[in-house]
Amino acid sequence: MKKTIIGFLLFAAALVSAACSDDTTDAGGRGPVGPRLLSIMPKAGYAGNTAIVSGSNFSATASENRVTINGVEAVITEATPTRLTITLPQNPAGTYPVAVKVGECESVEEVEFTYSEEPVGDCL
């Protein structure tokens with residue numbers, strides 16, 4: 001029973017630490033802890049492809065995260081506190097910032113994604 005309670009408390013603490021609130025501060029006491037972006041893989045592709053955004057302080061509940069590329073919202077198909085799996089939205093060819101917003105935290109843009117032209121024809 002004791003192990004179950006400790007496990008539950010650790011799980012609850014992890015959920016709370018992933019949320020952004022006014023009373024949650026970073027290690028330096030400088031303010032709310034929001035999402036941090038490390039990478040997007042692959043770094044290039046086209047609409048409809050799947051990509052993984054890696055970072056920290058994401059919500060494990062997909063609907064609590066918002067990912068946009070060039071201001072266009074992506075569909076989040078899976079979420080963990082460190083990874084968001086997305087379906088790339090429509091955008092013209094070019095390189096654009098990837099923004100992630102978690103709950104009420106400020107949106108951050110720390111990585112870029114390059115859209116290439118979609119292949120044409122039956123041969124790949």
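This is a walk through the predicted model of one chain, from its overall layout to its side-chain pairs.

Start with the secondary structure. The chain holds 1 helix and 9 strands. Along the sequence, the pattern reads α-β-β-β-β-β-β-β-β-β. The helix therefore precedes the strands in this pattern, with the helix numbered from the N terminus.

Next, the chain as a whole. It has 124 residues, and 33% of them count as buried. Its accessible surface comes to about 7,800 Å². Carbon and sulfur atoms account for 57% of that surface. Contacts across the sequence add to the picture. Take those between residues at least 6 apart in sequence: 49% of them join residues at least 24 apart.

Now the sheet. An open sheet is formed by 5 strands, in the order E2-E9-E8-E4-E5. The pairing within this sheet is mixed. Strand E2 (44-45) and strand E5 (72-73) are the edge strands. Each of these two pairs on one side only.

Look closer at the E2 edge. E2 pairs with strand E9, which spans residues 108-115. The two run in the parallel sense, and the pairing covers 2 bridges. One residue contact can be named here: Ala 44 has Thr 114 in E9 as its bridge partner.

E9 also leads to the aromatic residues. The whole structure contains 2 aromatic pairs. In one of them, the rings of Phe 113 and Tyr 115 have centres 5.2 Å apart. Their planes stand at 80°, so this pair is edge-to-face; the cut-off for that class is over 60 degrees. Both residues are covered. Phe 113 has a relative accessible area of 0%, so Phe 113 is buried. Tyr 115 is buried too, at 3%. The cut-off for buried is under 20%. Tyr 96 joins Phe 113 and Tyr 115 in one aromatic cluster.

The charged side chains come last. The count of salt bridges is 1. The partners are Arg 66 and Glu 73, whose side chains meet at 3.2 Å, N to O. Glu 73 also lies within the range of edge strand E5 (72-73). Are these two partners buried or exposed? Neither class fits, because partly exposed lies between under 20% and over 50%. Arg 66 has a relative accessibility of 39% and counts as partly exposed. Glu 73 is partly exposed as well, with a relative accessible area of 44%.

Definitions and conventions:
Residues are numbered from 1 along each chain as its sequence is written. This is a predicted model: local features need pLDDT of at least 70, side-chain atom pairs count only at pLDDT 80 or more; totals for chains, interfaces and linings use all residues. Side-chain values use heavy atoms; hydrogens and water are left out. A salt bridge is a side-chain nitrogen of Lys or Arg within 4 Å of a carboxyl oxygen of Asp or Glu. Buried means under 20% relative accessible area, exposed over 50%, partly exposed in between (1.4 Å probe, protein chains only). Rings of Phe, Tyr and Trp (its six-membered ring) pair if their centres lie within 6.5 Å; planes under 30 degrees apart count as stacked, over 60 as edge-to-face and the rest as tilted. Helices (H or I, at least four residues) and strands (E, at least two) are DSSP runs, numbered from the N terminus. Contact means heavy atoms within 4.5 Å. Accessible areas come from the Shrake-Rupley method with a 1.4 Å probe; for residues, only the protein chains shown count as cover. Two strands pair if DSSP finds at least two bridges between them.
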